[in-house]
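Here is a friendly round of questions and answers to work through with the structure open beside you. Try each one yourself before reading on.

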Amino acid sequence: MRLVFAGTPEPAVVALQKLLASQHEVVAVLTRPDAKQGRGRSLQPSPVARLAAQHGIEVLKPTSLKPDTEDGQHVRARLRELAPECIPVVAYGNLITRDLLDIAPHGWVNLHFSLLPAWRGATPVQAAIKAGDQRTGASVFRIEEGLDTGPVLATVAEDILPTDTADDLLTRLAHTGGDLLVETMDGLEAGTVVAKPQVGEPTYAAKITKEDARISWADSAEAIDRAIRAHTPGPGAWTQAGEARLKVGPVAVTDRDDLAPGKLAIEKSGVYVGTGSTAVLLGKVQPPGKTMMQADAWARGAKDIEGMVWQ
């Protein structure tokens, strides 16, 4: 099939690579505009744009798809000229207006990293880990006007491991989901794919703010473990350690129950923090202006932290 691919961040690159290696023809890519990145804050193309450029594929970077904008009008005209049969989408990040949904015969088909209707929204992988789900997956569905409400074309399941960070799980889902997207394109072309309405009570995964990633030491050790892994690597779980804001990497749950929530204990076996249940053993921490380091190395160089209560 003749495709225009819509996507922006690194997880979308995997799906685009798999489509490029398939029998289908990707004639153009739709992605977010270049963004300031790095210490120099220079404008850089999205990961999807970089891959498309390497393959000599046309890249469209509208700031908006709204029909009353110059960018929106240009994209509509160009998409009609390109005449895609389907527009697969992976984490594109721009609102697709109603009139655009009918521009390709097979519509816009989205790869979403959950088993819909579970965890509709922007952060399904993080939400599944934080909630303690043992199983998640990827869904390919036809986009309609509602938020991730369209009929499902295909799914694949994936176990959530006890040590999974959001990055670990998303990396696996990007590959299994990318394969699923190619299979769905094959099925749409062959006429063998049947869209089925979503069944069940939906849950929602909103965008994560920095405040959402703040650790609540009054929560149970298990809940804290999940929350930290859900926010690793970004935006990064954090706590207020005196006057400093400290990022905290994944922890280990222990059976130690002699520490109040947030209270530190520095021992030969490691650095412990109390929670609402049992203490956790810190793995890595990141002080302001520094890189992630082992918690015991941080503790040796820090001052007046024994017995400190993190907030």
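**Rings, strands and charges in a predicted model**

Q: This model is predicted; how many aromatic pairs does a search of the whole structure find?
A: Rings of Phe, Tyr and Trp pair if their centres lie within 6.5 Å. With that rule, a search of the whole structure gives a count of two.

Q: W217 and W310 form an aromatic pair, but is it stacked, edge-to-face or tilted?
A: Planes under 30 degrees apart count as stacked and those over 60 as edge-to-face, with the rest being tilted. For W217 and W310 the centres are 5.8 Å apart and the planes make an angle of 50 degrees, so the pair is tilted.

Q: How many residues apart in sequence are the parts that the W217 and W310 pair ties together?
A: W217 sits in the loop between β11 (204–205) and α6 (221–230). W310 belongs to the segment after α7 (295–301), so the two rings join parts whose separation in sequence is 93 residues.

Q: Is W310 buried or exposed?
A: Buried means under 20% relative accessible area. Its pair partner W217 has 4% and counts as buried. W310 has 2% relative accessibility, so W310 is buried.

Q: Which residue has its charged end over the ring of W238?
A: Two arginines are worth a look here. R256 lies over the face of Y272, at 4.9 Å from the ring centre. Over W238, the charged end lies 3.8 Å from the ring centre and belongs to R245.

Q: Which residue in β13 is the bridge partner of W238?
A: β12 (238–241) includes W238 at its start. This strand pairs with β13 (residues 244–248) in the antiparallel sense over four bridges. The bridge partner of W238 in β13 is K247.

Q: Which strands stand at the edges of the open sheet of four strands?
A: The strand order is β12-β13-β18-β19, with antiparallel pairing. An edge strand has a single partner, so one of its sides has no neighbour in the sheet. That describes β12 and β19.

Q: Which residue's backbone oxygen lies 2.6 Å from a polar atom of the S22 side chain?
A: S22 lies in the loop between α1 (10–20) and β2 (25–30), and with a relative accessible area of 18% S22 is buried. A polar atom of the S22 side chain lies 3.1 Å from the backbone nitrogen of H24. The backbone oxygen at 2.6 Å is that of L19.

Q: How many residues apart in sequence are the parts tied together by the salt bridge of D179 and K18?
A: The side chains meet at 2.9 Å, N to O. D179 is in helix α5 (residues 166–190) and K18 in helix α1, so the separation in sequence is 161 residues.

Q: In the salt bridge of R76 and D99, which residue counts as buried?
A: The two side chains meet at 2.7 Å, N to O. D99 has a relative accessible area of 41% and is partly exposed. At 5% relative accessibility, the buried residue is R76.

Q: Which residue is linked with R78 and E81 in a network of salt bridges?
A: R78 and E81 meet in a salt bridge of 2.8 Å, N to O. They are three residues apart in helix α3, so about one helical turn separates them. The network also includes E58.

Terms used
Residues are numbered from 1 along each chain as its sequence is written. This is a predicted model: local features need pLDDT of at least 70, side-chain atom pairs count only at pLDDT 80 or more; totals for chains, interfaces and linings use all residues. Side-chain values use heavy atoms; hydrogens and water are left out. Rings of Phe, Tyr and Trp (its six-membered ring) pair if their centres lie within 6.5 Å; planes under 30 degrees apart count as stacked, over 60 as edge-to-face and the rest as tilted. Helices (H or I, at least four residues) and strands (E, at least two) are DSSP runs, numbered from the N terminus. Buried means under 20% relative accessible area, exposed over 50%, partly exposed in between (1.4 Å probe, protein chains only). A charge sits over a ring if NZ of Lys or CZ of Arg is within 6 Å of the ring centre and within 35 degrees of the ring normal. Two strands pair if DSSP finds at least two bridges between them. A polar contact is a pair of N or O atoms within 3.5 Å; within protein, one must be able to donate a hydrogen and the other to accept it, and residues adjacent in sequence count only if both atoms are side-chain atoms. A salt bridge is a side-chain nitrogen of Lys or Arg within 4 Å of a carboxyl oxygen of Asp or Glu.
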